Amino acid sequence: MQDHITPRRVVILGGGFAGLSAARALRKSPVAVTVVDRRAHHLFQPLLYQCASGILSEGQIAQPLRGVLRRHHNVSCVLAEATDVDARARLVHAQRPEGGVVQLPYDDLIVAVGMRQSYFGHDEFAAHAPGMKTLDDALDIRRRIYRAFEMAETAADDRERQQWLTFALVGGGPTGVELAGQIREIAGHTLDREFQKIDSAKARVLLFEGSDEVLGAFGPPLAHRAARTLQGLGVELHLGTMVTGIDAHGLTVKDHAGATTRFDARTVLWTAGVEAPPIAAALARATGAKQDRAGRILVDPDLTVPGHPQIRVTGDVMSLNRLPGLAEVAMQSGAYAGRSVRHRVEGRTKEPKPFKYLDLGSAAYISRGRAVVKAGPLHLSGFTGWLAWLFIHIAFLTGFRSRLGAVLSWSVAFATGSRRERAFTMPGTDASTAPPPPP
């Protein structure tokens, strides 16, 4: 009688691009895979801004993890947030959403937890300037954008009205550029002639960036084209500025010369900077791994933590050769980590080749029919760039229904300028939470 052999236990922390790619690479391997995530869905983060601006619905950019992995019979999902790692005992400690601790033993650990918003030591800014890393963030931003126009319509005076019609974005990377373009489109096209007392097209969109150009990672030619496109849309660029204060009525910035300026704006959105979540520091303490300034884990060329060949770090939280925090880096590193585990289980003794990232390019959507795309020596902008952007995002959206729904929504938005996902709620204003009327 043959003894039952317990399959090798692989724990994957994170159900984003890297974690999902790792799980898929292990689909046909004789291993037991556990995917741990504090959310029950896989999120297509590059399109969060389209959910925030009302083009796409939540269901078009987020798919249930269990549904995505339903045909991976060796994969199970755990709804919890990893809080610590015991490298000696090979044990992950995780916190369930409603309390209680889950302990997950592993033979191989793949860390794919991504990054979170960073306020560069000013966490107090978060209350007035939400970032955009999660589905909750996107829905909060949608509420703030469309609420601003409604509040402007009933403002008590011109000063308050202008405050509501002023939108400030901090950070000139892809997210900031994309959101700025979307808000200008909402103001100039989507809400055109919907209000009686305000002219939505007169809304101001201010974009603040600490460096001297937006989309600096795309290189000077595309950065200059993006800046011209934004200015053509009516976005006001404030380059070389650093935010020093944010409150409910606006923000204060300082330029390179040290001069301080106050801008009144009831809607401030934060699109600058990321940092590693607490589990990265816990892993560093447990393994002696080094971290960079943003808290990313420094890894060896095979993505393992030095001295711990059973632990691999992938995606945005991985620090290797200054690779950017892009979805494609996450997918390729996650797939590499999954294959490495599979090869080890299959008994391959040959040392794995170092991870090598194949740069498939970067893209940023600015407005209808206008985007910038950089892929090696190929630089595209305008309508050609938009077509390339469209192809890239259709190719990588998870699930046929997501692709079909997104294409239909993009078609409507591109042809008419309308947005079908404009619904938003106001906290504490529905019948179940409103205070009772006075007797």
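**Exercise 1. Find the residue in S21 that is the bridge partner of Leu109, then place S9 among its neighbours.**

Step 1. Go to Leu109 and look across to S21: its bridge partner there is Ile311. Helices (H or I, at least four residues) and strands (E, at least two) are DSSP runs, numbered from the N terminus.

Step 2. Before going on, keep in mind that this is a predicted model, where local features need pLDDT of at least 70, side-chain atom pairs count only at pLDDT 80 or more, and totals for chains, interfaces and linings use all residues. Residues are numbered from 1 along each chain as its sequence is written, and side-chain values use heavy atoms, with hydrogens and water left out.

Step 3. Now take the whole strand: S9 and S21 are parallel and share three bridges. Two strands count as paired if DSSP finds at least two bridges between them.

Step 4. S9 also runs parallel to strand S1 (residues 8-13), with four bridges joining them. Here Ile12 sits opposite Ile110 of S9.

Step 5. Check the side chains of S9 (residues 108-111): Asp108 and Ile110 point one way, Leu109 and Val111 the other, and all are buried. Buried means under 20% relative accessible area, exposed over 50%, partly exposed in between (1.4 Å probe, protein chains only).

**Exercise 2. Work out the strand order of the open four-stranded sheet, and say why S13 and S17 each have one side without a neighbour.**

Step 1. Reading across, the order is S13-S12-S11-S17, and the pairing is parallel.

Step 2. Strand S13 (235-239) and strand S17 (267-270) are at the edges with a single partner strand each, so one side of each has no neighbour in the sheet.

Step 3. On average, neighbouring strands here are turned by 20° against each other, direction ignored. Axes are lines fitted to C-alpha atoms, for helices over the stretch in contact, and angles run from 0 to 180 degrees between N-to-C directions.

Step 4. Look at the S17 end: four bridges link it in parallel to strand S11 (residues 166-170), and Val170 is opposite Trp270 in S17.

Step 5. Then add the helix: H8 (residues 220-233) packs on the sheet, touching strand S12 (204-209) and S13, and its direction makes about 135° with that of S13. Contact means heavy atoms within 4.5 Å.

**Exercise 3. Decide whether Thr267 is buried or exposed, and list what it touches.**

Step 1. Locate Thr267 in strand S17.

Step 2. Its relative accessible area is 2%, so Thr267 is buried.

Step 3. Skip neighbours within four places in sequence, and Thr267 is in contact with Arg144, Ala148, Thr166, Phe167 and Ala168.

**Exercise 4. Describe the second largest pocket: how much space lies in it, and which residues lie nearest its centre?**

Step 1. Get the terms straight: on a 1 Å grid over the protein atoms alone, a pocket is an open set of points with protein on both sides within 12 Å along at least five of seven lines, and lining residues have an atom within 4 Å of a point. Grid points are joined across faces, edges and corners, and a volume is the space filled by probe spheres set on the points.

Step 2. The space comes to about 560 Å³.

Step 3. There are 20 lining residues, and Tyr336, Ser340, His343, Pro352 and Lys353 lie nearest the centre.

Step 4. Helix H10 (327-345) and strand S21 (308-313) each supply at least two lining residues, with H10 giving the largest share, seven.

Notes
1 Å grid on protein atoms, 1.4 Å probe; cavity = no way out; pocket = protein on both sides within 12 Å on 5 of 7 lines; lining within 4 Å.
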